[in-house]
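This report concerns a strand, its partners and two residues of interest. Please keep the sequence and the model in view while reading.

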Amino acid sequence: MYRIDFNKLRFLICDDNPHMRRILRTLLHSFGAREVYEAEDGATALEMYSHYVPDIVITDWAMPIFDGLELAQMIRQPESKGNPYAPIIMLTGHSEKRRVTVARDAGVTEFLAKPISAKGLYQRILNVVANPRPFIKTKTYFGPDRRRNTNNAYIGPERRVGGEMEVLQQPSLLDKARSGI
């Protein structure tokens, strides 16, 4: 078990609902975070992402200008400004399997259904900090490994296909966020 010093992490919250932004900010502050930036739409979030280079992005799915899915896709462009490896936690009131799959395929790291709880948010943050997944780069995808459990000997129908694949270890947030306690 790790103790995370949230004061060492920088967060970007993106949600068009000011009440949800306040709830997220309050929870992050209660965890110990001090650098919490807020955006009310995807365009502002992308601008802030390039400027503040947050360690973790928490975004709503449905927003004006462009949504959280489009934001995730823009962040995951390897040539984009900022850190394309930053963990992205997607919030939404729609948690159907199809939506989770679409978010995963856009490069989202974790998925959290609304209404959120402090425990649920904390667990997602702890997971992206303490258990970062390797990144996969193919012709059509760049983002965290979409598979939680990998087995190199697997030969079944769900085996990766599609040519060349590069596995990249992302920079770990654990060293940055590990508490001295």
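## The β-α-β unit

Which unit do S3, helix H3 and S4 make? Strand S3 (residues 56-60), helix H3 (residues 68-75) and strand S4 (residues 88-92) make a right-handed β-α-β unit, right-handed meaning that, with the strands pointing away from the viewer, the path from the first strand over the helix to the second runs clockwise. Helices (H or I, at least four residues) and strands (E, at least two) are DSSP runs, numbered from the N terminus.

The model is predicted, with local features needing pLDDT of at least 70 and side-chain atom pairs counting only at pLDDT 80 or more, whereas totals for chains, interfaces and linings use all residues. Residues are numbered from 1 along each chain as its sequence is written, and side-chain values use heavy atoms, without hydrogens and water.

## Strand S3 and its partners

Five of the five residues of S3 are buried (under 20% relative accessible area, 1.4 Å probe, protein chains only), so S3 is largely enclosed by the rest of the structure. Ile56, Ile58 and Asp60 lie on one side, and Val57 and Thr59 on the other.

S3 pairs in the parallel sense with S1 over four bridges, pairing requiring at least two DSSP bridges between two strands; four bridges also join S3 to S4, again parallel. Phe11, in S1 (residues 10-14), stands opposite Ile56, while Asp60 has Leu91 of S4 as its bridge partner.

## Asp60

An unreviewed UniProt entry annotates Asp60 as "modified residue: 4-aspartylphosphate"; such annotations may be inferred rather than shown by experiment, and UniProt positions are given in the numbering used here, with feature names shortened. Asp60 counts as buried because its relative accessibility is 6%. Beyond its neighbours within four places in sequence, its contacts (heavy atoms within 4.5 Å) include Asp15, Asp16, Thr92 and Lys114.

Notes:
Buried means under 20% relative accessible area, exposed over 50%, partly exposed in between (1.4 Å probe, protein chains only).
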